[in-house]
Amino acid sequence: MQPKRWIAALAACALLCAMAAPTCAAKPTKTPKPTPTATPTPTEVPRVTPLPEAAERQPGEMPPQIRRMIEVAQEQLERHGTRPIKPNNDYSRWYFHDERKIGWCACFVAWCADQAGVPLMKEAMSEAYLAEGAQPLGDDIVFASNEAHVVRTQNTYRNLNRFTDIPRPGYQVIYGVIGGTSSTHVGLVETVTELSPGVYELTTIEGNVSDTVKRYCTRYTVKPKQKYQNYRAVPKAEQSRDGVQYKLQKAEWYITGFGVTWK
């Protein structure tokens, strides 16, 4: 046989043998079935701003925490008498945790609320609540501002639609200055007597007045004839109570409104 023919025959034989041999390729491995994962149970996303719990009471009934807050303020009035109080005192130290000297009228009211167990709300918390697009607070929610600055105190109530021109005991009264700021001082409303529609006699307990705590009795008109002229003294003939300040703190002051701690 010639060489070329021999080579061709050998190649053909090898090809036939390869076709007849069993396949030696590795068996494909089975792909494991994916393990089914449990569908996560949706959980309620916690609120950014925790809200005070609702109080169980009848509509219009003063919550016991608010009543106690007024009592705490009365106790502090009796405790100090006419003695001067340093600008770094129990109320400012409770709030700031240091010895700074500061106007402490707002600290005083917040301290009384805290001692009475009233839930406290800061301005930043009210802003976060507002940003969440939540519904207005229910009438059963009780709280007080926890701010040392009067501007922030007012903002806290306004942000939550809890600012009014109608006073009630336990509300925070905000004073402004005619021609100046609308937030210069804050006190706690103790009693309210409606003398005629829209005209009230108020007693308030206020800190940081003449370096102490005092009780004031004044007249307040919701809609005065002249703008800002809603705050005046009780007529002298009717100034009959002891231990009460009947003189206005400042002639240029007016009542901006009231922080609604309860409804």
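**Entry 1: helix α2**

I call a residue buried when its relative accessible area is under 20%. I am working with a predicted model, and I keep that in mind throughout.

I began with α2, which covers residues 64-80. Which of its residues are buried? I found I66, M69, I70, V72, A73, Q76, L77 and H80. They take up an arc of only 155° around the axis, which puts them on the same side of α2. A general point helped me here: an α-helix has 3.6 residues a turn, so residues three or four places apart point the same way.

Next I turned to the face of α2 away from this buried side, and there I noted the exposed residues P64 and E78. What covers the buried residues? I listed α3 (90-96) and α4 (105-115) among the covering elements, along with the strands β5 (185-196), β6 (199-209) and β7 (212-221).

I also checked the length of α2. At 1.5 Å a residue, its 17 residues should span 24 Å, and the end C-alpha atoms are 25 Å apart, which agrees. Just after α2 comes G81, and I noted its positive phi, near 60°.

**Entry 2: the sheet**

I then followed the strands. Seven of them form an open sheet with antiparallel pairing, in the order β3-β9-β4-β5-β6-β7-β8. Which strands stand at the edges? They are β3 (163-164) and β8 (231-233); each has a single partner strand, so one side of each is left without a neighbour in the sheet.

I looked at some of the pairings one by one:

- β3 and β9 are antiparallel and share two bridges; F163 has G259 in β9 as its bridge partner.
- β4 and β5 run antiparallel and are joined by four bridges; Q172 is matched with L188 in β5.
- β5 and β6 run antiparallel with seven bridges; T191 is matched with T203 in β6.

β5 and β6 also make a hairpin with two residues between them, and in that turn G198 has a positive phi of about 80°.

**Entry 3: T256 in β9**

I stopped at T256, which sits in β9 (residues 253-259). What does T256 touch, leaving aside residues up to four places away in sequence? I wrote down Q154, R158, F163, I174, Y175, G176 and S182. One of these, S182, has its backbone oxygen 2.6 Å from a polar atom of the T256 side chain. Another name on that list, F163, I had already met as the bridge partner of G259.

**Entry 4: aromatic rings**

Last, I went through the aromatic rings and counted 13 aromatic pairs. For Y175 and W253 I found ring centres 5.4 Å apart and planes at 35°, so this pair is tilted. The pair links distant parts of the chain, with Y175 in β4 (residues 172-177) and W253 in β9, 78 residues apart. Are these two buried or exposed? Both Y175 and W253 are buried.

Y200 and Y220 make a stacked pair, 6.4 Å from centre to centre with 25° between the planes. Here Y200 lies in β6 and Y220 in β7, 20 residues apart. I found Y200 and Y220 buried as well.

I closed the page with a cluster: Y91, W104, F108 and W111 form one aromatic group.

Note on methods:
Residues are numbered from 1 along each chain as its sequence is written. This is a predicted model: local features need pLDDT of at least 70, side-chain atom pairs count only at pLDDT 80 or more; totals for chains, interfaces and linings use all residues. Side-chain values use heavy atoms; hydrogens and water are left out. A polar contact is a pair of N or O atoms within 3.5 Å; within protein, one must be able to donate a hydrogen and the other to accept it, and residues adjacent in sequence count only if both atoms are side-chain atoms. Contact means heavy atoms within 4.5 Å. Two strands pair if DSSP finds at least two bridges between them. The expected span of a helix is 1.5 Å times one less than its number of residues. Buried means under 20% relative accessible area, exposed over 50%, partly exposed in between (1.4 Å probe, protein chains only). The arc is that of the directions from the helix axis to the C-beta atoms. Rings of Phe, Tyr and Trp (its six-membered ring) pair if their centres lie within 6.5 Å; planes under 30 degrees apart count as stacked, over 60 as edge-to-face and the rest as tilted.
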